Every structure is written in structure tokens, then in C-alpha cells.
Amino acid sequence: MPDVVPITPDFAVSRALRAEEFDAVAAQGYRMIINFLPDHESKVHVSSEEARRLCDKVGMAYIHIPAPMYGVFAEDVILAAQRAVAMQKTPVLAYCASGQRAAIVWAAVSVHSIPVDAVLDTLTIAGFDLGYIRDDLELQADKPRWQTALRSAAQNPHTRPAA
């Protein structure tokens, strides 16, 4: 069994699962696996196809959201993670190479409903010192406001950004 780090009662992270660990994860009560590893990142990790097959075998839902190491804040990653979490097949175990990338994606999704300080405090309690992503989380939390401003500016060609 991998070292599973609970972030919340319904969401935990771990390093990449080995093929023989999927049974144990299901036995621990996890109902869904989210795999953030891109298939091409490492040849030693279980492929997304194999992970899907192993999850099917033990009755867990499986979602693959490839998140490159430097792409965890990419819009497609965040939107896919939001949809996955909204499925309510909890508890969820999300994994990547070490678990940290999965924790960062959880944080980026969570700041839409939880204050940034509370998200960072939750991660600290779980053992992740991720204060260095505060600015990125603040941008994610403020995303609805700045996206609205961008759309408004794009629709009005006479609007110029404030200097």
C-alpha cells in the first residue's frame, strides 16, 4: 500500500500506484482514482490504460488528467479536475509521481470555494509546505473576476486597460 496522505476526509494523494496496489487502495474504501501522470513522463509507472483496467477490475472509477510538472495550473487540467471532483465518487485518491502535483491541483480547484489561507493551512496540516504557490492560488481564486473583465474588454474595442 502506498503512503496515502489525506488532504480532506474525501480527498487523498499519493505517489504513483504500482499495479499490485490497486486492490489494496480499493480495500481501503477509495471509490475513485485520479491519475495526474502524463503517460510519456516515465516508463516505470503504470500506463493510464493499465490503471483504468485495474480500477475497473476492483470497481473504482478512474479518471486520467495528464498534468505535466509545469502545467498544473493549466486551464484544461483545472477544469477536468473540477469535473472529476464534482462526480462525488468519494473518497478520491489522486496520484502523480510524488503526490505533490496532485495536492497542488486539489488546491487550485479548492480556492474557488475555500479561502486561499485555509487551503494552504489544510495542505500544511497534511505535510505539504506549498506557500510558494500562494500567488498562483490567488490568481485562481480571482479567476472569475479577471475572466469577466477580459471578456468585457474584448467585447468593447473602445475599452483600454487602465495604465
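Which residues is Ser-48 in contact with, leaving aside its neighbours within four places in sequence? Keep that in mind while you load the model, which is predicted.

**Stop 1: Ser-48**

Select Ser-48, in helix 2. Show what surrounds the residue. Beyond its neighbours within four places in sequence, Ser-48 is in contact with Asn-35, Asp-39, Tyr-62 and His-64. Is Ser-48 buried or exposed? Its relative accessibility is 11%, so Ser-48 counts as buried; the cut-off for buried is under 20%.

**Stop 2: Ala-51**

Stay in helix 2, which covers residues 48-58, and select Ala-51. Ala-51 has 0% relative accessibility and therefore counts as buried. Now display its contacts, skipping residues up to four places away in sequence. Ala-51 touches Phe-22, Val-46, Tyr-62 and Tyr-95. Tyr-62 also appeared at the previous stop, as a contact of Ser-48. Add a distance label from Ala-51 to Ile-33, C-alpha to C-alpha. The label should read 8.9 Å, for a pair 18 residues apart in sequence.

**Stop 3: the sheet**

Switch to cartoon view and colour the strands. You are looking for an open sheet of five strands. Trace the order 1-2-5-3-4; the pairing is mixed. Then find the edges. They are strand 1, residues 5-8, and strand 4, residues 61-64, and each pairs on one side only. Rotate to see the twist: neighbouring strands are turned by 25° against each other on average, direction ignored.

**Stop 4: the hairpin**

Zoom in on strand 1 and strand 2. They form a hairpin, with two residues between them. Strand 2 spans residues 11-15 and runs antiparallel to strand 1. How many bridges join strand 1 to strand 2? There are three. Pick out two of the pairs. Thr-8 has Phe-11 as its bridge partner in strand 2. Val-5 has Val-13.

**Stop 5: Ser-14**

Select Ser-14, which sits in strand 2. With a relative accessibility of 2%, Ser-14 counts as buried. Show its contacts, again without residues up to four places away in sequence. Ser-14 touches Pro-2, Asp-3 and Val-4, among others. Further along the chain, its contacts include Leu-93, Ala-94, Tyr-95 and Cys-96, as well as Ser-98 and Gly-99. Tyr-95 was also on the contact list of Ala-51.

**Stop 6: a cis bond**

Move to the loop between helix 3 and strand 5, where Pro-91 is located. Display the backbone from Thr-90 to Pro-91. The peptide bond joining them is cis, with omega at about 0°. For background, most peptide bonds are trans.

**Stop 7: helix 4 over the sheet**

Select helix 4, residues 100-110. This helix lies across strand 1, strand 2 and strand 5. Strand 5 covers 92-96, and helix 4 runs at about 125° to it. How many residues of helix 4 are buried? The count is 10 of its 11 residues, so the helix is mostly covered. The buried ones include Arg-101, Ile-104, Trp-106 and Val-109. What should you show as the cover? Strand 1, strand 2 and strand 5 contribute, along with helix 3 (75-86), helix 5 and helix 6 (134-141).

**Stop 8: helix 4 and helix 5**

Keep helix 4 and add helix 5, residues 116-125. Their axes are 9 Å apart, and the packing angle is about 155°. The two are therefore roughly antiparallel to each other. The crossing is right-handed. Show side chains: Ala-103, Trp-106, Ala-107 and Ser-110 of helix 4 meet Val-119, Thr-122 and Leu-123 of helix 5. By class, this contact has five nonpolar residues, two polar and no charged.

**Stop 9: helix 4 and helix 3**

Hide helix 5 and bring in helix 3. Here the axes come within 9 Å and cross at roughly 80°. Helix 3 and helix 4 are therefore roughly perpendicular to each other. Helix 3 makes the contact with Val-77, Ile-78, Ala-81 and Gln-82, and helix 4 with Val-105, Ala-108 and Val-109. Colour these by class: six are nonpolar, one is polar and none is charged.

Key. Residues are numbered from 1 along each chain as its sequence is written. This is a predicted model: local features need pLDDT of at least 70, side-chain atom pairs count only at pLDDT 80 or more; totals for chains, interfaces and linings use all residues. Side-chain values use heavy atoms; hydrogens and water are left out. Two strands pair if DSSP finds at least two bridges between them. Helices (H or I, at least four residues) and strands (E, at least two) are DSSP runs, numbered from the N terminus. Axes are lines fitted to C-alpha atoms, for helices over the stretch in contact, and angles run from 0 to 180 degrees between N-to-C directions. Contact means heavy atoms within 4.5 Å. Buried means under 20% relative accessible area, exposed over 50%, partly exposed in between (1.4 Å probe, protein chains only). Angles under 35 degrees count as roughly parallel, over 145 as roughly antiparallel, 65 to 115 as roughly perpendicular and the rest as oblique. A crossing is left-handed if the near helix is turned anticlockwise from the far one by less than a right angle, and right-handed if clockwise. Ala, Val, Leu, Ile, Met, Phe, Trp, Tyr, Cys and Pro count as nonpolar, Asp, Glu, Lys and Arg as charged, and the others, Gly among them, as polar.
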